[in-house]
Amino acid sequence: KNYIRILSFVIIISLINPLQSVVLSRLYGKLFDIMHQNKKFPSFFEFKNILKGNMAGIMMVICFIYIIIFLLYMSKNYLETIIVPDYFKYVRTLLFSNFIKKYSNDYKDVKTGEVLSKIFELNMAVIYLFINLSNYFLATIVGLFAITCYYLYLDINIGFIFLVAVCGVLLLYYFNAHKQIDNSIQKLNILYKNNEDINDRLSNLLNIYINNEQNNEINKFIKNEFVFKRQFVKNYWIEKKLVTTADIIIVSSAILILIVSYYSYKNKRIDTVGLISIIVTLGIGLDYLFQLNGEVSNSIYQFGIIKSNESLLNEILDLKKRDIKEVTLITGKIEFKNVVFGYDNKKILKNFNYTIKNKEKVAIMGRSGSGKTTIMKLLIDLHEINSGEILVDGVNIKNIDTNYLREKIIYINQKTVLF
C-alpha cells in the first residue's frame, strides 16, 4: 500500500548520512585549510564566491547543505508519521483477523489474557524491528559505507582499517546472535510461565484467603522470580560482553586510524584538507558504530521475542484454504457418515452414522459428556472431524461457505453472554 512512500523514505535516509558524514566533513577540511592560508574576507552573499571556492563560497555551500539536510529530515519525519502508524495498524489487524479466522472451523478455548498479551508483545517487537531496520540500520550502514569509500579514496590503509572495524562488529554479532537469541527465548519462556502462574493464583484468590495460603503463595512467587532473575542476569551478561567486545574493536580501530593518518600526512600522502576531514568523519563514523552496536543488541532481543512466540505466530498466520463450492441448501437433509471425533486423546464419537431427513424432528438424549453438544458443534463446522463426512443436502460441509452454513442453522450456545 505504501511502497512509494517507503521507497521515498529509503532514498531520503540513504542521502542524509553521506551528506552529514562525508560531504560536510570534506567541506570543513577545505574551510579550515583556506582559513589557514587566506586572510581575505569577500562579501558573504555573492554567489560567485561558490565558483571561486573561497572561504565565503565554501561557507555558503555548507549553509545550502544544512538546508538540504533539514528538508530531508522534515520529509523523513513526515513520511515516518504516515508509514509507522499504518504498519502498526496493519500488523495488529493481520494478527487479530487471522486469529479470529483461524479457529472458525477448528474452535478451541484460549487463554484470552495470555494470547492478547503475546499478540501485543509480538506486535511491538515487529514494529520495533521495522523502525530499527528502516530508521537506524539502513541509515547507519549507508553512512558507514560512504565513510569507508571516502577513506579508501584518501588512503587505502585508513579505508581498510575502518572496513575491518565495521565488518568485525557485524561478524561479532552474526556469529553470537543465535546464542543471545536462545538465551532471550529461555528468559521470555520463564517470564511467560511466571505470568501464567500469577494469573492462576489471582483467579483462585478467594481460596487462597480462605485456606490461609497467602505466605505460601508469596514464597512460590519469590522462588519463581529468582529463577527468572538468574536467567535474566545470564542473558544480560552475554549481551554486555558482546557490546564491550564490539566497543574494543571500535575504539582500537579509531586509535589506529589516527596514528596512520598522522604518518600519511607526515609523508604527504594526504593533504591538510584530507587530514581534517578524516578526523571530523572519524567522530561521525564512531557515533554510527556505537549506535549500530547498541541497536543490533536491542534488535536481537526483539527478534528473540518473535522467535519465542514462533509457534503462536505460525499458528495464526497459517490459514488453510478450503475448497468452497457455490451451493444452495434447499431441503436441509443432514447425514453423518462414519464420523470420528475426539480431543485430548479421548474419542467422543466413533464411526457415528445418522441421517435426519427433511422436516424430521429429532431429539438427541444422553448422559453428560456423551457427545450431544459435540454433534451440534460439528454440524455447524465448529471443529475439524478426525475422519468421516457430514453432509447437508448431499454436500460436504467442508465445501460449504461457513457463514452461509451457519445462517441456515439455528444454534444456541450454552455459554451465551449478553452485552
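**Salt bridges, cores and surface of the predicted model**

With a relative accessible area of 32%, E310 counts as partly exposed. The structure discussed here is a predicted model, and E310 makes a convenient way into its charged pairs. The partner of E310 is K307, and the closest N and O atoms of this salt bridge are 3.4 Å apart. K307 is partly exposed as well, at 36% relative accessible area.

Nine salt bridges are present in the structure. Another of them joins D197 to K193, with 3.4 Å between the closest N and O atoms. Both residues belong to helix α5 and stand four residues apart, which is about one turn of the helix. The two ends of this bridge fall into separate accessibility classes: D197 is buried because its relative accessibility of 19% is under the 20% limit, whereas K193, at 48%, is partly exposed. Salt bridges also link R201, E217 and K220 into a network.

A further salt bridge brings together the side chains of K398 and D381, at 2.6 Å from N to O. K398 sits in the loop between β4 and α11, and D381 in the loop between α10 (372-379) and β3 (387-392), so this bridge ties together parts of the chain that are 17 residues apart in sequence. Both K398 and D381 are buried. The loop between β4 (395-396) and α11 (402-407) also holds N399. Is N399 buried or exposed? With a relative accessible area of 17%, N399 is buried. Leaving aside residues up to four places away in sequence, N399 touches D323, I324 and K325.

Turning to the overall form, the protein contains eleven helices and four strands. Its radius of gyration is 33 Å, while a compact globule of 419 residues would have a value near 22 Å. Along the principal axes, the C-alpha atoms fill a box of roughly 105 × 60 × 40 Å. Of the 419 residues, 40% are buried. Among contacts with a separation of 6 or more, 76% are between residues 24 or more positions apart.

In soluble globular proteins, nonpolar side chains tend to be buried together. Here, the largest nonpolar core has 35 residues, and those with the most contacts inside it are L144, Y151, F162, Y173, I257 and I278. At least two residues of this core come from each of the helices α4 (112-154), α5 (156-203), α7 (214-266) and α8 (272-308). Helix α5 gives the most, with ten residues. The surroundings of F162 offer a closer look: beyond residues up to four places away in sequence, F162 touches L144, I147, T148, Y151, I257, G285 and L289. A second core of 21 residues is separate from this one and includes F9, L24, I62 and I69.

The accessible surface of the protein amounts to about 25,800 Å², and carbon and sulfur atoms account for 62% of it. Which residues form a nonpolar patch on the surface? The patch consists of F47, F64, I67, F70, L71 and M74, which together have about 630 Å² of accessible area. One of these residues, F64, lies in helix α3 (residues 55-102). F64 is classed as partly exposed because its relative accessibility is 36%.

Key: Residues are numbered from 1 along each chain as its sequence is written. This is a predicted model: local features need pLDDT of at least 70, side-chain atom pairs count only at pLDDT 80 or more; totals for chains, interfaces and linings use all residues. Side-chain values use heavy atoms; hydrogens and water are left out. Patches are made of residues with over 30% relative accessible area and no salt bridge: like charges are joined within 9 Å, nonpolar side chains (Val, Leu, Ile, Met, Phe, Trp, Tyr) within 5 Å. Accessible areas come from the Shrake-Rupley method with a 1.4 Å probe; for residues, only the protein chains shown count as cover. A salt bridge is a side-chain nitrogen of Lys or Arg within 4 Å of a carboxyl oxygen of Asp or Glu. Buried means under 20% relative accessible area, exposed over 50%, partly exposed in between (1.4 Å probe, protein chains only). The radius of gyration is taken over C-alpha atoms; the globule rule is 2.2 Å times the number of residues to the power 0.38. Contact means heavy atoms within 4.5 Å. A nonpolar core is a set of buried Ala, Val, Leu, Ile, Met, Phe, Trp, Tyr and Cys residues joined through side-chain atoms within 4.5 Å.
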